[in-house]
Amino acid sequence: MSRATSTRLAALSLVWGSVFLWIKIAGYGFSPVQTVLIRLALGAAVILAIGYAKGLRLPKGASIRWHLAVSALLGNAVPWTLYAEGEVAGSSSVAAVVNGSAPIWTLATGLLLGQGRRISGYTAGGVLLGLGGTALIASPWNSASAGSSWSILCFVLGSISFGAGFAYTGRFLVGKGIPPLVLAGGQLSAATVMLLAAFPFLGLRAVTWRTDSVIAVLVLGVLCTGFAALLNFELIIKDGPTVASTVTYLMTAVAVVLGAVVLDEPLGWTVWLGALAVLAATGLLRRGPQHAVHPTGRGPVVASKAETPGIDGGVARGVRGRARIPRE
């Protein structure tokens, strides 16, 4: 691996791995809806500005815009808000680990949408192992080990929503000839409008003006949601999806370390064991023949190059060829 590749990979892992830390810190001063609204607006502004500079414009047509709206709801508005809500009382480290289960839910949704007809032994084993790992992390018999029951529920529902969003995007938006920046900018813009509509009902909480919280939402929007999407795309184009897929493991490790070092978050043995199970499940899913999400949990690996924002501001990863989960 070249020095340039290692630098890009390390930079993206650090940025995306820090997302959960920034969400936690932003929550000290802003409500979940306020945090997500600012993050979406800033991320959309960055991507749209770059897209417009390249002469790109948002897609026209009621059908495309409808699909963008659904993808924005499932892939951004709902899960990002759920994760921000969960981190009010929950652990950023646990949020990151549960986020790793998104490919499992993407696979399940993809099957419901008719994106796959065969389930291999690897796929079945990956799904079962991933579900078991998620159950260990949640530890319903001892939820205090990983956080409140409400926070765990938010994380799990958020991951399910991500999975559904990625599968929906792969089914209805990818392969339509829409430039990646347009797809990403359109989805973030749609999600911003949704959060604006929800703001009067869910976001009217007094803001506690803290320097750390203000910095956190700015970093989340501009760096983790805007520029990180471009860095991710550059990594895929220059180094390939196999190299880029290792971000999955690196970002989870970064998130856990940051949570422990910066926030002094304790992690019980069930979380560690569950994390290993989820990562192993992701590995198994990547070996199966299913038409499913890229192993980072940020989007489906499909026939055309497309981008769809995820929890960490990432984009759906497309490579030429038949849709599949790439093998290492």
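Reader: What does Val214 count as, going by relative accessibility?
Author: Val214 counts as partly exposed, because its relative accessibility is 27%, and that label covers what lies between buried (under 20% relative accessible area) and exposed (over 50%), worked out with a 1.4 Å probe and protein chains only. Please keep in mind that this is a predicted model, in which local features need pLDDT of at least 70 and side-chain atom pairs count only at pLDDT 80 or more, while totals for chains, interfaces and linings use all residues. Residues are numbered from 1 along each chain as its sequence is written, and side-chain values use heavy atoms, with hydrogens and water left out.

Reader: Where does Val214 lie, and which residues is Val214 in contact with?
Author: Val214 lies in helix 10, residues 211-239; helices here are DSSP runs of H or I with at least four residues, strands are E runs of at least two, and both are numbered from the N terminus. Setting aside neighbours within four places in sequence, Val214 is in contact with Phe30 and Trp209, where contact means heavy atoms within 4.5 Å. Val214 and Gly27 are 187 residues apart in sequence, with their C-alpha atoms 9.9 Å apart in space.

Reader: Changing topic to charges, how many salt bridges does a search of the whole structure find?
Author: The search finds one salt bridge, defined as a side-chain nitrogen of Lys or Arg within 4 Å of a carboxyl oxygen of Asp or Glu. The side chains that meet in it belong to Asp212 and Arg210, at 2.7 Å from N to O. Side chains of opposite charge can pair when their charged atoms come close.

Reader: And those two, what are they, buried or exposed?
Author: Both fall in between, since Asp212 is partly exposed with a relative accessible area of 28%, and Arg210 counts as partly exposed at 34% relative accessibility.

Reader: What does the secondary structure of the protein come to?
Author: It comes to 13 helices and zero strands. Of the 328 residues in the protein, 58% are buried, and among contacts with a separation of 6 or more, 85% are between residues 24 or more positions apart.

Reader: Why does the span of helix 4 agree with what it should be?
Author: Helix 4 (residues 62-89) has 28 residues and, at 1.5 Å a residue, should span 40 Å, so the 40 Å between its end C-alpha atoms agrees; the expected span is 1.5 Å times one less than the number of residues. Helix 4 nevertheless bends by about 40° at Leu73, the bend being the angle between axes fitted to the seven residues ending there and the seven starting there.

Reader: What about helix 3, how many residues does it have?
Author: Helix 3 (residues 32-53) has 22 residues and reaches 32 Å from its first C-alpha to its last, close to the 32 Å expected. Just after helix 3, Gly55 takes a positive phi of about 85°.

Reader: Which residue other than glycine has a positive phi?
Author: One such residue is Asp264, with phi near 55°. Most residues other than glycine have a negative phi. Asp264 lies in the loop between helix 12 (247-262) and helix 13 (269-287), and at 64% relative accessibility it counts as exposed.

Reader: On to the glycines, where does Gly130 lie, and what does Gly130 count as?
Author: Gly130 lies in helix 7 (residues 121-138) and, at 0% relative accessibility, counts as buried. Not counting neighbours within four places in sequence, Gly130 is in contact with Ile104, Val278 and Ala281. Gly130 and Gly274 are 144 residues apart in sequence and 8.3 Å apart, C-alpha to C-alpha.

Reader: And which residues does Gly165 touch?
Author: Leaving out residues up to four places away in sequence, Gly165 touches Leu74 and Gly75. Gly165 is found in helix 8 and counts as buried at 2% relative accessibility.

Reader: Last one, which residues make a nonpolar surface patch?
Author: Trp150, Leu153, Leu157 and Ile160 make a nonpolar surface patch of about 360 Å². Patches are made of residues with over 30% relative accessible area and no salt bridge, joined within 9 Å for like charges and within 5 Å for nonpolar side chains (Val, Leu, Ile, Met, Phe, Trp, Tyr), and accessible areas come from the Shrake-Rupley method with a 1.4 Å probe, where for residues only the protein chains shown count as cover. Leu153 has its place in helix 8 (residues 149-172) and counts as partly exposed at 39% relative accessibility.
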